[in-house]
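Work through the exercises below with the coordinates open. Each task is followed by a solution in steps.

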Amino acid sequence: MNERAMRLRGLIRKESLQILRDPSSIAIAFILPAVLLLLFGFGVSLDARHVTLGLVVEQPSAAAASLTAQFRQSPYFVPQEFSNAGTAQTALADGRIEGFVWLRANFARQLSAGHDPAIGLFVNGTDANNARIIENYVQQSWTIWGAQQTGSANPAPIAVQPRIWFNPAVRSRDYLVPGLIAVIMTLTGALLTALVIAREWERGTMEALMVTKISMHEILISKLIPYFLLGMGGMVVSVLIAVTLFGVPLRGSPLVLGLAASLFMLASLGMGLVISTVAKNQFVAGQIAIITTFLPAFILSGFIFDISSMPPPIQLVTHIVAARYFVSILQTLFLAGTVWSVVLPNLFALAVMAAVFLGVARLVARKRLD
Amino acid sequence: MAPGLEPGAAIGKPLVIAGLTRRFRAGKRLVTALDGVSAETSAGLVTGLIGPDGAGKTTLMRLIAGLLRADAGSVRVFGTDVRADPLAVQGMLSYMPQRFGLYEDLTVQENLDLYADLQGVATAARPERYRELLHMTGLAPFTARLAGRLSGGMKQKLGLACTLIRAPRLLLLDEPTVGVDPVSRRELWEIVDHLVRKAGMSVLLSTAYLDEAERCDEVLLLHEGQLIGAGRPGGFTQAMAGRSFHFRLPGRSKRALQAALATVQGVTDAVIQGEAVRVVLEPGMAPEAVQLPGFSGLTITPVPPRFEDRFVDLLRARSGARGGIVPVAEAAQAGTAETVIEVSNLVKRFGGFAAVDGISFSVRRGEIFGLLGANGAGKSTTFRMLCGLLPASSGRLQVDGFDLHHAAAVARGRLGYMAQKFSLYGELSVAQNLRFFAAAYGLTGARRAARLDWALREFELGPRADVTSRDLPLGFKQRMALACALMHEPDVLFLDEPTSGVDPLARREFWRRINALAESGVTVLVTTHFMEEAEYCDRLVIMAQGRILATGTSEELKAATRSASLPEPTMEDAFIALIMADNAKTVEAAA
Amino acid sequence: MLARLLALVIKEFLAILRDGKSRAVLIGPPLIQLIVFGYAASFDLNHVPFAVYNQDHSAISRDLVADFAGSRAFQEVAVLHGPERIRALIDSREVEMVLDIDPRFSRNLLTNQPAPVQIIVDGRNSNTALLILGYANSVIADASAAWAARHGAAEPPARLEPHALFNPNLDSHWFIIPGIVALLTQIVTLLVVGLSVAREREAGTFDQILVTPLRPLDILLGKSLPGLIIGLAEGTVIILATVFWFGVPLNGGLLQLYTGLFLFIAAVTGIGLMISSLATTQQQALLGAFMFMVPSIILSGFATPIANMPAPVQALTLVNPMRYVLVVIRRCFLEQPSFSSLSLDYAAMAALALCSLTAAAWLFRKRVV
């Protein structure tokens, strides 16, 4: 065996033994992703179901009853009755209901006179997204009711036929869970390496390593391989949880998923290496890892917030967030299948990021202490 | 590749250092760690790199190992320039950093395997090398033990074994003996001696312990980044011949005597050693010529010179300073029979392990009392219990009438505490630290102002009042720590490793203040693993494995070891004899 | 007593503020995050790329396309002449929506039959998909209503008049950015308090103050007051930026806002101190802070509504102080809530603050004494 191979073997064996003996790295690699995924998989959902909707009927009538029946039948609403708008408004302000529909006393009279009465819909606009969804739900019920009233099958001249591809039931879990995997893996990848190398600096073992004939890439490679495998193990656990527990379909090729995950893992580990080499102490390394990984992956990856709606300068910033590319690949592979036109450019971007981070790590990691 | 020893292949000097300079940025200051150092070492010898903490020893080691880049000057290892080809140099040397990088979660054998892989030792050559190293270090029975579970001395020996897995041409050892108990220290030295003599290896070994200089073949003396001396240690010591004496005056305070002697014209150095004061005179000065009004009937005996005398002499010559004069009032109440600290059957268990295992001792007012022991002997645990930082598992302890762990906060106002490594708020300036501790001790109004003023003046901190304390030199940090501990004029003073690593002059200055305090009736409890410091104590206990091996004055402890083969035992000899006897007893009991 | 406490607080501030790095950590990252995330975190749609497949080559259908193209939410990026490329465009994420107008569109309109229009949306991000659908629906509803008005077709018997209270334009920045106030205040407070004891333990100064006559309670207060003050200052800076930089109106009373913020920071301080007393090293403290922070953000209702979570997870959010402060801050920004309407949220945070501070004090004594 030549010396280089011997050195690598020694270091990788050492790293693996340390992983096996140190429960914290196993916890970060397997337990942290599993717990986070379970917590967030159940905790994060954007579907506005069960809207508590107030119904203000100032004067009961057959027309009013038919309309309120419409809301009662809707799967989206938990209706609550109010006798006047004032109490409903108080309830809205106190957060007891999310919106209310107001049928004034003259509703039935005006309707029968053909006077086109106004139906007031008041929603709490504080959460604009939620408000918009409620408005849509109410509008749907109102449209159906309108069609029944006029007896026409043509409530509106233009008939919209929505087709939501890939996720016809619009289950937000189906796209959030793949996105979460990216967020969580960013975290574990960077945290694992950032803390592990910083620990070598603090314990003085790095100094002892550096005076041997070992070269800096050997040190980096020996760090990468075990943690790469560890991270990929966490990835497999996450995918299994997503598919079996959350029932998210995996329509694309698992092989491509593995490739994308590998590139992403390399980018994350590379980033961790850069952070830990620059920081040289666990405290600063951990702090930088948190600031530069979790929040950007959460907010700038397109996982929850739509990237194309962000202002152009911010969109530019999202390009340096590796999770952005991985989120896109994951959502496509899980829900749409292996769409090469999405997967290829994103894989390419991930490869570039991995190369850049690993290259920078190699550049900043000099075999010197100054 | 076989462990290449190739005797005679050492072409030229192992180390040639020329004009080596290295600066660091510490806060806003630029610190010169090494200032134009030029030196050479000889092949096949142990070269000691001697100097206090902050002298630049580690920086020099790292520069030689190619881990740092010099600002100016060059280092050649067997003719190869480190800067030009660091990998080639790293191939020739082995380096054991101060905190050697043992992987604590790997076993002894796994650590050895790792370094054998890293150093490219052929698989076939390993069994023989392992056997040799394990035998030499005495680690053979512990190969399956995790390195983290080894004692401090065993860790150092394992570190040395890992460093030596492939016999290098040049071996760099950075403070291998720091914090190690005297027995392990002796064993480490035996390994080093054995290696050099047998394998013809060249060694550069750094240490802050001046007594270790005499074990080296040649020494380089480093102080504040400058080389202040180089040569054979015997030569250094011999230059001091006829200048060292013991002054004794039974019946009078040795501390008052020491304080008086230290101020006499013509005295280079005066330190307490047991019951005597060890004095080094200026060249040509006769001991009878020492004028000491008020002290008559002195007994003066000549003693052999030691390495530290020369070091102090060199430093005095450089600085010229004598330090301020601290008058020592020979107080009447000094050494009264009143007991201030009382410990009986004290036990502290962590899980099933007894860190302190039933110890008893008592300290009288105005006494300087030492807890002597290696790292892990239980002295820090005892110390922390006395300060009230840890609850005792069982037994009784009282400080000035209180068990501080249970007593009201006010009771703590009577003790002063100076932590190991002089821990103070590094981000705060000197004045801010002092103000904080004044407030923490509840000083207010005029008294507070007076004490703050006293601290700045007495410890000569005034000019540095606004310096961020992290950027202070070590000696000043120590002064500031003492100033903070004395802010409220405590009755009892706890000092944890108070002078470890500081240079001999700073140590003398420190002890001058402590002596003065003791004379004025302050009770002082000191922990130390530093044998020299034990000599300054009135009485001390020697601890090992949580138990007290012996109690007494340093004279008494040394006298117990005196034999025909060892007519003048040192404190270290006494310590080792006690440990050996104790180990023998343990083995006997086990058998 | 007061003088000692003051000394402890001053010491803590000096230790944080004299060090350039920790000063930077307090000021730089939070503001950068506020700006970047403030712009990035939004559920509003702008310039969503869409393709048009108009099989009905008439003026009416072209008007409908123009309605879409003219809307701020949509941006036309491709015109298709056959159905083949629809799949490819959506698959590759070049467009998020395809507007497919049926060949019978204008004929049916003119003959009073339903005029079919197909909206194909990429469902990979179903939240965006729903938003796109909502926007598209309203564009079409407007067009539909306009057509009906012009041609006297059968009108719906009643009008729906939606009003969004507190946020008439339904600008989701108004929802998210006040949330960032809570988010960043929590991060900074937690880092300042959570690491402070561990830092002193590592430096050895903790022993040093324990042997002074200071009591554990003094030390605990000395550690928590700076956290409270820094948290409030940080919150104030971010609130100012929210109002003056992002132009989010602050309608509610400052007193209501700051009561909530104060109780929240007190609770977070307590949690930080608990982490601090348990951790022996800064790394442990950091991991602890992190382990609390990530779930507390995700389960707070910051980005996704709590009402959608399953009951056990909802129960878990009850012990998350951020959940309550988000309600208080958002309502104080957009509404004019009375004290009484916020009383439940205040009470919950006060209870959490009390519990966490008591637990911290207990742990602290246990670890210290």
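The exercises that follow concern a predicted model.

**Exercise 1. The interface of chain A and chain C**

Task: State how many residues of chain A are in contact with chain C, and describe the side of chain A that touches chain C.

Solution:
- Step 1. Count the contacting residues: 94 in chain A face 105 in chain C.
- Step 2. Take the buried area. Chain A and chain C bury about 8900 Å² between them, and 67% of that area is on carbon and sulfur atoms.
- Step 3. Locate the main contributor. Helix H6 (residues 128-150) of chain A supplies the largest share of the side of chain A that touches chain C, with 13 residues.
- Step 4. Sort that side by class: 57 residues are nonpolar, 27 polar and 10 charged.
- Step 5. Look for specific pairs. The count of salt bridges between chain A and chain C is 0, while 3 residue pairs are in polar contact across the interface, both residues at pLDDT 80 or more.

**Exercise 2. The division of chain C**

Task: Give the domains of chain C and the distance between their C-alpha centres.

Solution:
- Step 1. Read the bounds: domain 1 of chain C covers 2-41 + 171-368, and domain 2 covers 48-151.
- Step 2. Take the separation: the C-alpha centres of the two domains lie 47 Å apart.

**Exercise 3. Two residues in helices**

Task: Decide whether B:Ala483 is buried or exposed, decide the same for C:Thr189, and list their contacts beyond four places in sequence.

Solution:
- Step 1. Place B:Ala483 in helix H13 (residues 474-486) of chain B.
- Step 2. Apply the cut-off: buried means under 20% relative accessible area. B:Ala483 has 0%, so B:Ala483 is buried.
- Step 3. List its contacts: B:Leu434, B:Trp454, B:Ala455, B:Phe459 and B:Leu461. B:Leu461 is 22 residues from B:Ala483 in sequence, with the C-alpha atoms 9.4 Å apart.
- Step 4. Place C:Thr189 in helix H7 (residues 173-203) of chain C. Its relative accessibility is 1%, so C:Thr189 counts as buried.
- Step 5. List the contacts of C:Thr189: C:Gly194, C:Gly227, C:Gly231, C:Ile265, C:Val268 and C:Thr269.

**Exercise 4. Salt bridges in chain B**

Task: For B:Lys157, B:Asp269 and B:Arg513, name the salt-bridge partner and say which elements each pair links.

Solution:
- Step 1. Note the total: 58 salt bridges over all chains.
- Step 2. Pair B:Lys157 with B:Glu187, whose closest N and O atoms are 2.4 Å apart. B:Lys157 is in helix H5 (residues 152-163) of chain B and B:Glu187 in helix H6 (residues 182-199) of chain B, so the pair ties together parts 30 residues apart in sequence. B:Lys157 is buried at 7%, whereas B:Glu187 is partly exposed at 29%.
- Step 3. Pair B:Asp269 with B:Arg508, at 2.6 Å between the closest N and O atoms. This pair links strand E12 (residues 267-273) of chain B to helix H14 (residues 504-519) of chain B, across 239 residues. B:Asp269 is buried at 3%, and B:Arg508 is buried at 9%.
- Step 4. Pair B:Arg513 with B:Glu458, at 3.1 Å between the closest N and O atoms. The residues lie in helix H14 and helix H12 (residues 445-458) of chain B respectively, 55 residues apart. B:Arg513 is buried at 7%, whereas B:Glu458 is partly exposed at 27%.
- Step 5. Add the network: salt bridges that share partners join B:Glu338, B:Arg365, B:Asp400, B:Arg414 and B:Asp491.

Note on methods
Residues numbered from 1 in each chain as written. Chains lettered and ligands numbered in written order. Predicted model: local features only at pLDDT ≥ 70, side-chain atom pairs only at ≥ 80, totals over all residues. Heavy atoms only, no water. Helix = DSSP H or I, 4+ residues; strand = E, 2+ residues; numbered from the N terminus. Buried < 20%, exposed > 50% of the residue type's maximum accessible area, 1.4 Å probe, protein only. Contact = heavy atoms within 4.5 Å. Domains from an automatic or database assignment. Buried area = accessible area lost by both parts, 1.4 Å probe. Salt bridge = Lys/Arg side-chain N within 4 Å of Asp/Glu carboxyl O. Polar contact = N/O pair within 3.5 Å; in protein donor to acceptor, adjacent residues only side chain to side chain. Nonpolar A, V, L, I, M, F, W, Y, C, P; charged D, E, K, R; others polar.
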